[in-house]
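Work through the exercises below with the sequence and the coordinates at hand. Each task is followed by a solution in steps.

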Amino acid sequence: MGTREEILAAAARIMREQGYARATTKEIARAAGYSEAALYKHFHDKTEIFLGVLDGQLPALGGVLAELAANTGKGTVRANLVKVAETALHFYEESFPIAASLFATRELLTAHRDGVRARGAGPRHPQLGLSRYLRAEQRLGRLPRTADPDAMSALLLGACFQQAFLGHFDVDENTDHAVLARSLVKALLHGLH
């Protein structure tokens with residue numbers, strides 16, 4: 001594992017335990033066994049570290065969506081959506097404790113939002129990617145023309161986000177992500193055919 005990966009692993013641990021707002025670059029560098037100067041040789045700022053954690057340390061929602069886009073027309077739409085939903089459930093479950101503290105102050109949220117937008121990233125990207133995939137499947141005739149890909153994407157990923165929130169709030173509840181993913185997709189597709 002190289003310096004960059006060690007810093008991201010340490011950042012993921014600290015952000016999971018303390019949230020984004022309380023995870024300082026100094027603390028992340030120390031936990032990784034490096035100086036803060038070494039951290040800044042690999043990352044421009046904490047926003048870049050956060051995006052690195054989301055991209056490299058959590059379940060790869062973006063990767064699943066990119067894979068779907070590259071394989072449009074393959075497999076079944078239902079199976080493809082189940083894979084997206086299961087990955088999204090895991091991703092949101094892992095990222096929720098990290099990102100929740102972004103809302104601690106308006107200043108922190110604004111600074112983070114500006115940093116994320118400047119890098120062409122943001123929380124809408126999975127929804128936009130899923131909508132593009134669904135539109136492509138619709139053009140192939142694998143979804144009805146009356147289907148609304150944007151609404152379908154919002155409903156599926158919104159439900160996954162909500163379930164991740166509930167999973168953290170009701171910690172006693174054990175959720176089988178595979179079963180839940182299949183149920184969400186079944187409900188989503190039920191009225192289409």
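The exercises go from the whole chain to single residues, and the model they use is predicted.

**Exercise 1. Overall description**

Task: State how many helices and strands the protein has, and describe its box, its burial and its surface.

Solution.
- Step 1. The secondary structure consists of 10 helices and zero strands, and the pattern along the sequence is α-α-α-α-α-α-α-α-α-α.
- Step 2. Along the principal axes, the C-alpha atoms fill a box of roughly 55 × 35 × 35 Å.
- Step 3. Of the 193 residues, 41% are buried.
- Step 4. The exposed surface is about 10,700 Å², and carbon and sulfur atoms supply 54% of it.
- Step 5. Take the contacts between residues at least 6 apart in sequence: 73% of them join residues at least 24 apart.

**Exercise 2. Charges**

Task: Count the positive and negative side chains and find how far apart the centres of the two sets lie.

Solution.
- Step 1. The counts are 23 positive and 21 negative side chains.
- Step 2. The centres of these two sets are 6 Å apart.

**Exercise 3. The surroundings of α4**

Task: Decide whether helix α4 is largely enclosed or largely open, and identify what packs against its buried residues.

Solution.
- Step 1. Helix α4 covers residues 46-56, and eight of its 11 residues are buried.
- Step 2. These buried residues are Lys46, Thr47, Ile49, Phe50, Leu51, Gly52, Val53 and Leu54.
- Step 3. Their packing partners are α1 (3-18), α2 (25-32), α3 (36-42), α6 (77-99) and α7 (106-118).
- Step 4. Because eight of its 11 residues are buried, α4 is largely enclosed by the rest of the structure.
- Step 5. The N-terminal end of α4 is capped by aspartate 45, which places a side-chain oxygen 3.3 Å from the backbone nitrogen of threonine 47.

**Exercise 4. The largest nonpolar core**

Task: Give the number of residues in the largest nonpolar core and name those with the most contacts inside it.

Solution.
- Step 1. The core has 53 residues, and Met15, Ile28, Ile49, Leu81 and Leu130 have the most contacts inside it.
- Step 2. Helix α6 gives the most to this core, with 10 residues.
- Step 3. Leaving aside neighbours within four places in sequence, leucine 81 contacts Leu130, Tyr133, Leu134, Leu156, Val185, Leu188 and Leu189.

**Exercise 5. Two residues of α9**

Task: Classify serine 153 and leucine 166 by relative accessible area.

Solution.
- Step 1. Helix α9 spans residues 149-169 and contains leucine 166; serine 153 is also in α9.
- Step 2. The cut-off for buried is under 20% relative accessible area.
- Step 3. Serine 153, at 0%, is therefore buried, and leucine 166, at 29%, is partly exposed.
- Step 4. Not counting residues up to four places away in sequence, serine 153 touches Gln127, Leu130, Ser131, Leu134 and Gly158.
- Step 5. Leucine 166 lies 9.3 Å from glutamate 93, C-alpha to C-alpha, with their positions 73 residues apart in sequence numbering.

**Exercise 6. A serine in a loop**

Task: Locate serine 101, classify it as buried or exposed, and find its polar partner.

Solution.
- Step 1. Serine 101 sits in the loop between α6 and α7.
- Step 2. Its relative accessible area is 18%, so serine 101 is buried.
- Step 3. A polar atom of the serine 101 side chain is 2.8 Å from the backbone nitrogen of tyrosine 20.
- Step 4. Beyond residues up to four places away in sequence, serine 101 touches Gly19, Tyr20, Ala21 and Leu108.

Definitions and conventions: Residues are numbered from 1 along each chain as its sequence is written. This is a predicted model: local features need pLDDT of at least 70, side-chain atom pairs count only at pLDDT 80 or more; totals for chains, interfaces and linings use all residues. Side-chain values use heavy atoms; hydrogens and water are left out. Helices (H or I, at least four residues) and strands (E, at least two) are DSSP runs, numbered from the N terminus. Buried means under 20% relative accessible area, exposed over 50%, partly exposed in between (1.4 Å probe, protein chains only). Contact means heavy atoms within 4.5 Å. Accessible areas come from the Shrake-Rupley method with a 1.4 Å probe; for residues, only the protein chains shown count as cover. Lys and Arg count as positive and Asp and Glu as negative; His and the chain ends are not counted. The place of a charge is taken as NZ of Lys, CZ of Arg, CG of Asp or CD of Glu. A polar contact is a pair of N or O atoms within 3.5 Å; within protein, one must be able to donate a hydrogen and the other to accept it, and residues adjacent in sequence count only if both atoms are side-chain atoms. A nonpolar core is a set of buried Ala, Val, Leu, Ile, Met, Phe, Trp, Tyr and Cys residues joined through side-chain atoms within 4.5 Å.
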